[in-house]
Amino acid sequence: MRTSRPVRAAQYLALLAYLVFLAFPFVWLISTAFKPAAELGSLHPTWIPENPTLENFRQAFDEQPLLQATANSLIVALSAALVAVVIATPMAYVMARHRNRLAKAATGWVVISQAFPFVLIIIPLFLILKNFHLINSLAGLIMVYVVWALPFALWMLVGYVRAVPPELEEAAAVDGAGRLRILVSVTAPLLAPGIVATAMFAFITAWNEFFFALVLLKTPEKQTLPVILNRFIGTEGVADLGPLAAAAFLATIPSLVIFALIQKRITGGMLAGAVKH
Amino acid sequence: MTLSTATKRPRKGAPSQGPPADYGAWFLVLPALIPILVLSVGPLLYGIALSFTDAQSGRTAATQWVGLLNFQDLAHDTLFWDSFRIGLLWAVGVTVPQFLLALGLALLLNQDLRFRWLARALAIIPWAMPEVVVGIMWRLVYHPDAGVLNETLADLGLGGGRDWLTGTATALLAVIVVGIWAGMPQTTVALLAGLQNTPRELHEAAAMDGAGAWRRFRTVTWPAIKPVALAISALNFIWNFNSFALVYVLTQGGPGGRTRLPMLFAYEEAFRYGQFGYAAAMGCVMVAVISVILAFYLVGRLRGGDTS
């Protein structure tokens, strides 16, 4: 279909407007992160720092326990992603291949778990974890994140499993391979890219999470990056905006990089999970 | 290897009833099922039970059942209903414009435009960012002195010096804009996926019959993406109503409670004042009201689809 010129022009104009709207806050964050204190205090802030500096980054590390927080975030996000994928993959397999009550109940839980306000979950979780002395502990937070990442992980993985033709497994069965053998040597390799994408998504979810970490982690040496970043906020004078922006920018990089790697698979996974057979 | 012999082989042709859950299936499901039961289903039921008790943090006396007392108190708690009203305003104010904007963007991205890849990449950015960072970023944009918004407005001769996040008139609107921005990617991606499932031949046939752009959208595109559109807008509404981090970072619920979403209210009640039972009751009310609204929305939309 051909599109007339004025229409095309209008489309490009609209696209440009979207690009500006979506990109400008992020550009401003980066710009602020590299501005020296004098420019931050100036009456007419500019888009591009006139004298870009790394001072803000140094100051951010001096003022807040960012290294410790990064380490905590890494431990929590990596463990949660790993555990979530290891336990979700077999379950997703059953949900995709069997149409029994268990699979239906699990699907129901995936949907319902999206609707409940966290406050209804966090109070009991807080009490339960307190009983096991898992408040202010990374292990406790990891357990919470695993369960929190499960609905979307299952959703994505079920889609990926469905994309593996059952005929392949049947053929292996005809050849006399046992069920576990089939899972390990036929299904798993085909699922591997999907599993990796799901793990990365679970990593980002845990890396970015704020609410549970805010409630469950009490002391700065245990807190994750988002909670530490939040401690920056509130009392800042104009001069402290630089370090704040610098720390926020750094905290975003891992998520952005991983997201760029799996972007196609995420969008594909959302779709695959939604397609009914 | 006992597993492989104890279980059935996959049957030919996916059976509609399905085999009963065999031991192998249970073995595969348990590692995920136990954490779900212990850390999700269990706490949920526990949370609902708590709303009928006087549970408080750090109290030594045993927790008592108080029946519907929390709910009776809640019914008279004007602060909570104010917060609830703000929550609804916020949820609708974010979900509706976000849907329309995302639909526009998805339609554009579905065209053969140059720089489409760039737009796609940029559209995803808010999704990947930690909510706390999104909040910080927009605080920088809205900052009364060092922010780019006031500076731009001043350059355009529209005055300046507005304190967006702490002004009672602008605070809610300012956080709603951030909410729209932050949720654009999920909505756009979902709608784009729906659009790409639209049969292209149908579109071309309609164009050949002389149908204009709007008519083609109404008769071909919209019916095809309607299920996705319904699902994503319903989910967005729920997520927005239950959101916490963004507004907590932006305003902490201020000024004077103007942006105090129900989740912020419940969080303070539970973890600042230690009223666990009362906060749990708030959570229950939130779930109940949201379910009713959604039921009406979905039933209404689906019925509307049958008649048109």
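**Exercise 1. Work out the fold content of chain A, and decide whether chain A is spread out or a compact globule.**

Step 1. Read the elements of this predicted model from the N terminus. In chain A they run α-α-α-α-α-α-α-α-α-α-α-α.
Step 2. Count by type. Chain A comes to twelve helices and zero strands.
Step 3. Compare the radius of gyration with the globule rule. Chain A has 23 Å, and the rule gives 19 Å for 277 residues. The value is well over the rule, so chain A is more spread out than a compact globule.
Step 4. Add the extents. Along its principal axes, the C-alpha trace of chain A spans about 75 × 65 × 35 Å.

**Exercise 2. Locate the annotated transmembrane regions of chain A and check the secondary structure of two of them.**

Step 1. Take the ranges from the record. The unreviewed UniProt entry annotates "transmembrane region" at residues 12-34, 74-96, 108-129, 135-161, 182-207 and 241-262 of chain A.
Step 2. Test residues 182-207 of chain A. This span is 100% helix and 0% strand, with end C-alpha atoms 34 Å apart.
Step 3. Test residues 241-262 of chain A. Here too the chain is 100% helix and 0% strand. The end C-alpha atoms lie 32 Å apart.

**Exercise 3. Describe the domains of each chain and the contact between those of chain A.**

Step 1. Set the bounds for chain A. Domain 1 covers 5-33 and domain 2 covers 64-274. Their C-alpha centres are 31 Å apart.
Step 2. Find the contact. Four residues of domain 1 of chain A touch six residues of domain 2 of chain A. On the domain 1 side, three are nonpolar, one is polar and none is charged.
Step 3. Turn to chain B. Its domain 1 is 2-50 and its domain 2 is 69-307. The centres of these two domains, over C-alpha atoms, are separated by 35 Å.

**Exercise 4. Characterise the packing of α5(B) against α8(B).**

Step 1. Choose the descriptors. Two packed helices are described by the angle between their axes and the distance between the axes.
Step 2. Apply them. Helix α5 (residues 116-128) and helix α8 (residues 171-196) of chain B pack at about 115 degrees, with axes 7 Å apart.
Step 3. Assign the hand. The crossing of α5(B) with α8(B) is left-handed.
Step 4. List the residues. From α5(B) come B:Ala123, B:Ile124, B:Pro126 and B:Trp127. They meet B:Trp181, B:Ala182, B:Met184, B:Pro185, B:Gln186 and B:Thr188 of α8(B).
Step 5. Classify. This contact has eight nonpolar, two polar and no charged residues.

**Exercise 5. Give the make-up of the contact between chain A and chain B.**

Step 1. Count the residues. Chain A supplies 77 and chain B supplies 82.
Step 2. Sort the chain A side. It divides into 58 nonpolar, 14 polar and five charged residues.

How values were computed
Residues are numbered from 1 along each chain as its sequence is written. Chains are lettered from A and ligands numbered from 1 in the order in which they are written. This is a predicted model: local features need pLDDT of at least 70, side-chain atom pairs count only at pLDDT 80 or more; totals for chains, interfaces and linings use all residues. UniProt positions are given in the numbering used here, feature names are shortened, and annotations may be inferred rather than shown by experiment. Helices (H or I, at least four residues) and strands (E, at least two) are DSSP runs, numbered from the N terminus. Axes are lines fitted to C-alpha atoms, for helices over the stretch in contact, and angles run from 0 to 180 degrees between N-to-C directions. A crossing is left-handed if the near helix is turned anticlockwise from the far one by less than a right angle, and right-handed if clockwise. Two residues are in contact if their C-beta atoms, placed from the backbone, lie within 7 Å. Ala, Val, Leu, Ile, Met, Phe, Trp, Tyr, Cys and Pro count as nonpolar, Asp, Glu, Lys and Arg as charged, and the others, Gly among them, as polar. Domain bounds come from an automatic or database domain assignment. The radius of gyration is taken over C-alpha atoms; the globule rule is 2.2 Å times the number of residues to the power 0.38.
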